[in-house]
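Please open the model in your viewer and keep the sequence beside it, since the tour below moves from one selection to the next.

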Amino acid sequence: MTEPKIPVTEDELHAYIDNELPPERRGDVEAWLAAHPDDAERVQSWRAMAEALHARYDSVADEPVPKRLEIERLVREPRRWMVGAIAATLVAFIAGGGAGWLAHGVAASPSAFQSFTSEALVAHRLYVVEVRHPVEVPGSERAHLQTWLTKRCGWVVFAPELDATGLKLVGGRLLPGPNGPASFLMYESASGERFTVYAAKADGEATQMRYTAQDKDGALFWADRGVAFVVSGSSDRDRLTQVARLVYDATEKNGG
C-alpha cells in the first residue's frame, strides 16, 4: 500500500475521530492507519474513550430543561425578583463581614477539589493497569509530549524529573477535563509502582494541597495560576506527599 502524499499529523488523527476531517483527506488518513499499526491502535483507543464519554454523559445532555430554567419563564419573571436577590446577597455579605470574605476560598474549594480528584482518580485507575498502552506518547519523547500537551491544553505542560523518588516517566496522554482538555502524565518505579499527574484548567485562586483516599488509591490536589493538579498513586500518604511535593517544586521552578 502506498504512503499518503502528505504525512498524517496528530491533529488530523483527532479530526478523523471527531468526523471533522475534510473528505479529500480521509482516504489518506485511512491509508496511513492501514500502514501504521501503532497509530491505528492509538486511534482505536481514542474512539473507545469517546464512546465511553458519550455513554457516560449523553443521557444528561438529553434530559429536558427544567421548567424553572426555560427561557420563556425566565423572561416573564418580574424584575423585582432580581432586585430582591441582589438585596439579599448584599445583606448576607454585610452580615458576614470580613470573615465571610476570607471563607470564600474555603467554601468554593470543595466542589473543585471533589470534581478534579474524582476525574483524576478515574483516569489513574483506568490506565495504571495497562501494560501495552498506558500512554499515547512514550517518555522517550518527553520534548514532543510537553509541546503537544501544551498546544492542546493551553498552558505550559511540564513533565518533571522524579528520579529523586525513584520514578521514571512512562509517558502521557490527553484527556477531557472538567473545564476543557487535561494533561495526564504517568511515572513508574523499578518495582512497578505507578503514579500519575493530572492537570486541567481551574477557576479560582491558588489553593493548598488537599488529600483524599479512595480504596487503595490516594490523591493530592492543589491549584495555582488557573491550573489544578492532582497527583494520584499509593494510599501511603507520606510516599504520595513526597512525590507531589517534587512535582509541585519542579512545576513552580519551570513556571508550569
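For the first stop, an axis is taken as a line fitted to C-alpha atoms, for helices over the stretch in contact, and angles run from 0 to 180 degrees between N-to-C directions. Bear in mind throughout that this is a predicted model.

Select helix α1 (residues 10-17) together with helix α2 (residues 23-35), whose axes come within 11 Å and cross at roughly 105 degrees; α1 and α2 are therefore roughly perpendicular to each other. Now show the side chains of E12, L13 and Y16 on α1 and of R25, R26, V29, E30 and L33 on α2, which make the contact. These contact residues divide into 4 nonpolar and 4 charged, with no polar ones.

Next, colour the open sheet of 7 strands, which follows the order β1-β2-β3-β4-β7-β6-β5 with antiparallel pairing. At its edges stand β1 (137-138) and β5 (207-214), each with a single partner strand, so one side of each has no neighbour in the sheet. Moving to β2 and β3, you will find an antiparallel pair joined by 10 bridges, and within β3 the residue L185 is the bridge partner of G172.

Add the helices that lie on this sheet: α7 lies across β1, β2, β3 and β4 and runs at about 20 degrees to β2, while α8 touches β2, β4, β5, β6 and β7, with its direction at about 25 degrees to that of β6.

Finally, which residues have the most contacts inside the largest nonpolar core? Select L145, L149, L185, Y187, V231, V243 and V247, within a core of 26 residues. Leaving aside neighbours within four places in sequence, V247 is in contact with P160, L162, V197, W222 and V231.

Note on methods:
Residues numbered from 1 in each chain as written. Predicted model: local features only at pLDDT ≥ 70, side-chain atom pairs only at ≥ 80, totals over all residues. Heavy atoms only, no water. Helix = DSSP H or I, 4+ residues; strand = E, 2+ residues; numbered from the N terminus. Parallel < 35°, antiparallel > 145°, perpendicular 65-115°, else oblique. Contact = heavy atoms within 4.5 Å. Nonpolar A, V, L, I, M, F, W, Y, C, P; charged D, E, K, R; others polar. Core = buried A, V, L, I, M, F, W, Y, C linked by side-chain atoms within 4.5 Å. Buried < 20%, exposed > 50% of the residue type's maximum accessible area, 1.4 Å probe, protein only. Pairing = 2+ DSSP bridges.
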